[in-house]
Amino acid sequence: MMLKRFAFIFLIFSILAGCASDDKKPDEPEKTELEYYTDAQELMDTEQYFQAIKELSALEGFYPFGRYAEQAKLELMFNYMALDDYTNAHATAERFLRLHPRHPKVDYAYYVRGLSTYFMTRGFFDSFVSIDRAERDMAIMQDAFREFNELLSKYPNSPYAADARQRMIHLRDYLARHEVFAARYLIRRQAFAAAANRGQFIVSRYQGSSAVPEGLAIMIESYQKLGLDDLANDTLQILVSNYPDYPKLDQNKQLIIEDVHSNDQRSFLNILTFGLLG
């Protein structure tokens, strides 16, 4: 009994001695705020972005209301983007917009938010199958377009506005081409009314894009298949008048229509790629 008691007392003293020997609590910062920030800058200068993120994250955690806390968030976005970590870049930008909506550099957060979403559209699928990116789900591209548009509407004179505008043009073209692929798919499935409506949507929604003549051609083909010859001829005149060099017009300015038969026994890859593969 005495031995057990002695062992218990010895254990208590050992614990207390260990605590006393560690005069720095584990949740205390190892550096001052300025030191964290300065070290992060030096790491960024030598492109050690992962280590810079650790310093900036520590600064933000230990000094959330400090002098460099807001700037640290902005630089975290940069470092995440440099490492192609678009998920964390987007999350950091969202958090900054929520916490500091009137910051002088808030336009940068809007830009990073849109840019990170834009780069997320580069999915792993591209490395396995060489197909047009416009064939895939367009939801994330629509998100990127919306986020860039919010930057332009709120800060049209931002130094990031020009780049955002150019990326929106590219996104709009991808979205339009996706509609073309979808409409062509409907034609192959002999859903001609739905394809005609999709063609109308392309023409009205994406004016000025390269997809407009494709939309008109889809309408013409669909109307012909539906026996709506007057509508088909009227639409053909619009196509010829506005796009006389459209490659699918023959010498007589008639639309060349390929005879594509529907195949109900399609593979999964064929379905996934809108009939282009498999």
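Me: What share of the 278 residues in the protein do buried residues make up?
Reply: Buried residues make up 40% of the 278. Keep in mind that this is a predicted model. "Buried" here means under 20% relative accessible area.

Me: And what are the elements of the protein, going from the N terminus on?
Reply: They run α-α-α-α-α-α-α-α-α-α-α-α. That makes twelve helices and zero strands.

Me: Let's go to a single residue. What makes Glu179 buried or exposed?
Reply: Glu179 has a relative accessible area of 11%. The cut-off for buried is under 20%, so Glu179 is called buried.

Me: How do you know that the side chains of Arg198 and Glu179 meet in a salt bridge?
Reply: The N to O distance is 2.5 Å. A salt bridge needs a side-chain nitrogen of Lys or Arg within 4 Å of a carboxyl oxygen of Asp or Glu, so Arg198 and Glu179 qualify. The pair links distant parts of the chain, with Arg198 in helix H9 and Glu179 in helix H8, 19 residues apart.

Me: Is Arg198 buried, exposed or partly exposed, and why?
Reply: Partly exposed, at 27% relative accessibility. Buried stops at under 20% and exposed starts at over 50%, so 27% falls in between.

Me: Back in helix H8, what makes Arg177 and Asp173 a salt bridge?
Reply: Their closest N and O atoms are 3.2 Å apart, and the limit is within 4 Å, so the pair counts. Arg177 and Asp173 both lie in H8, four residues apart, about one turn of the helix. Arg177 is partly exposed at 24%, and Asp173 is also partly exposed, at 22%.

Me: What about Arg146 and Asp143, and why are they separated by about one helical turn?
Reply: Because they sit three residues apart in helix H7. The closest N and O atoms of this salt bridge are 3.7 Å apart, which is within the 4 Å limit. Arg146 has a relative accessible area of 44% and Asp143 has 32%, so both are partly exposed, between 20% and 50%.

Me: How many salt bridges does a search of the whole structure find, and which residues are linked in a network?
Reply: The search finds 14. Glu94, Arg113, Glu150 and Lys154 are linked in a network of salt bridges.

Me: Now the second largest pocket: which residues line it?
Reply: Gln142, Phe145, Arg172, Leu175, Glu179, Phe201, Arg205 and Tyr206. The pocket has a volume of about 160 Å³. Glu179, from the bridge with Arg198, is one of the lining residues.

Me: Which helices each supply at least two residues of that lining?
Reply: Helix H7 (139–154), helix H8 (161–188) and helix H9 (192–205). H8 gives the most, with three residues.

Me: How do the lining residues divide into nonpolar, polar and charged?
Reply: Four are nonpolar, one is polar and three are charged. Tyr counts as nonpolar in this scheme, so Tyr206 goes with the nonpolar residues of the lining.

Me: Last stop, the surface. What do Leu226, Leu228 and Leu231 form?
Reply: A nonpolar patch, with about 230 Å² of accessible area together.

Me: Why is Leu231 called partly exposed, and where is its place?
Reply: Its relative accessible area is 40%. That lies between the 20% and 50% cut-offs, so Leu231 is partly exposed. A patch residue needs over 30%, so Leu231 clears that requirement too. The place of Leu231 is in helix H11 (residues 229–242).

Conventions:
Residues are numbered from 1 along each chain as its sequence is written. This is a predicted model: local features need pLDDT of at least 70, side-chain atom pairs count only at pLDDT 80 or more; totals for chains, interfaces and linings use all residues. Side-chain values use heavy atoms; hydrogens and water are left out. On a 1 Å grid over the protein atoms alone, a cavity is a set of points where a 1.4 Å probe fits but cannot get out, and a pocket is an open set with protein on both sides within 12 Å along at least five of seven lines; lining residues have an atom within 4 Å of a point. Grid points are joined across faces, edges and corners, and a volume is the space filled by probe spheres set on the points. Patches are made of residues with over 30% relative accessible area and no salt bridge: like charges are joined within 9 Å, nonpolar side chains (Val, Leu, Ile, Met, Phe, Trp, Tyr) within 5 Å. Accessible areas come from the Shrake-Rupley method with a 1.4 Å probe; for residues, only the protein chains shown count as cover. Buried means under 20% relative accessible area, exposed over 50%, partly exposed in between (1.4 Å probe, protein chains only).
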